[in-house]
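Please open the model in your viewer, switch to a cartoon view, and keep a selection box at hand. The tour below moves from one selection to the next and says what is to be found at each stop.

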Amino acid sequence: MKRNTLLLISLVVFSLLQAQNFQTEHLVSFGNIYQPSAMITADLDNDGDLDILMSKYGSESCVSWIENFGDGEFGIQRDIETNIAGITDVFVSDIDNDGDQDVLSASQIENSICWYENDGMGNFSQANTI
Ligand SMILES: [Ca+2]
Ligand SMILES: [Ca+2]
């Protein structure tokens, strides 16, 4: 009996998980996305919604963010860094403990880790090399 109950619970959970279908994909288009290397979401302008932070690795290596308008629509690509080659990863954290999300980047080619101070509205400082 106990085994049958566990089997029934497992089947119900499995059925519920199978019922979670994703709807149609939504393309976030903001121009050339050549050789993207990393992407995360974070509220970079403190308006309560998750924006997109991304990096590109190749000849157009950069760190950029795209504002989420909160209704499934996104703004234009805003560059944070365009002078460091080979950016392989991005991360966010409140590095200076002022309540907003600052951005970090890692470059495989330049063997560097940098952070960019956020003014709280999505405007970022020049690179601070760590
Ligand atoms: Ca936001
Ligand atoms: Ca901060």
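Select β2 and β3 to begin with: a hairpin joins β2 to β3 through 5 residues, where strands are DSSP runs of E of at least two residues, helices are runs of H or I of at least four, and both are numbered from the N terminus. This is a predicted model, in which local features need pLDDT of at least 70 and side-chain atom pairs count only at pLDDT 80 or more, while totals for chains, interfaces and linings use all residues. Residues are numbered from 1 along each chain as its sequence is written, and chains are lettered from A and ligands numbered from 1 in the order in which they are written.

Staying with the hairpin, β2 and β3 pair in the antiparallel sense over 5 bridges, and two strands are said to pair if DSSP finds at least two bridges between them. Select Lys56, and opposite this residue in β3 you will find Cys62. Of the 6 residues of β2, 5 are buried, so β2 is largely enclosed by the rest of the structure; a residue is called buried if 20 or more other C-beta atoms lie within 10 Å of its own, exposed if 12 or fewer do, and partly exposed in between, with C-beta atoms placed from the backbone.

Next, add β1 to the selection. Between β1 and strand β2 (residues 51–56), which run antiparallel, there are 6 bridges. Ile40 has Leu53 in β2 as its bridge partner, and Thr41 stands opposite Ile52 in β2.

Now widen the selection to the whole sheet, an open one of 4 strands in the order β1-β2-β3-β4 with antiparallel pairing. The edges are taken by β1 (36–42) and β4 (74–81), each of which has a single partner strand, so one side of each is left without a neighbour in the sheet. Neighbouring strands of this sheet are turned by 20° against each other on average, direction ignored, the axes being lines fitted to C-alpha atoms (for helices, over the stretch in contact) and the angles running from 0 to 180 degrees between N-to-C directions.

Move on to the later strands and select β5 and β6. Strand β5 (residues 87–93) pairs with β6 in the antiparallel sense over 6 bridges, and within this pairing the bridge partner of Asp89 is Ala106 in β6. β6 is mostly covered, with 5 of its 6 residues buried.

Adding β7 shows the other pairing to visit here: 5 bridges join strand β6 (residues 102–107) to strand β7 (residues 112–116), and the two run antiparallel. Ser105 stands opposite Cys114 in β7, and Ser107 stands opposite Ser112 in β7. The hairpin of β6 and β7 has 4 residues between the strands, and in this hairpin Asn111 takes a positive phi near 50°. On to β8: 2 bridges join β7 to strand β8 (residues 128–129), which run antiparallel, and the bridge partner of Cys114 in β8 is Thr129.

Pause at Ser107 in strand β6. Is Ser107 buried or exposed? Ser107 counts as buried because 22 other C-beta atoms lie within 10 Å. Leaving aside neighbours within four places in sequence, its contacts (C-beta atoms, placed from the backbone, within 7 Å) include Ile84, Gly86 and Ser112. The C-alpha atoms of Ser107 and Gly86 are separated by 5.1 Å, although the two residues lie 21 residues apart along the chain.

For a contrast, select Ser125 in the loop between β7 and β8, which has 14 C-beta neighbours inside 10 Å and so counts as partly exposed. Beyond its neighbours within four places in sequence, Ser125 is in contact with Tyr116 and Glu117.

Finish in the interior. The largest nonpolar core has 16 residues, of which Leu53, Val63, Ile80, Ile87, Val90, Val103 and Tyr116 touch the most other members; such a core is a set of buried Ala, Val, Leu, Ile, Met, Phe, Trp, Tyr and Cys residues joined through C-beta atoms within 7 Å. At least two residues of this core come from each of β2, β3 (62–68), β5, β6 and β7. Select Val90 last: among its contacts beyond four places in sequence are Ala38, Ile40, Leu53, Val63 and Val103.

Conventions. Contact = placed C-beta atoms within 7 Å.
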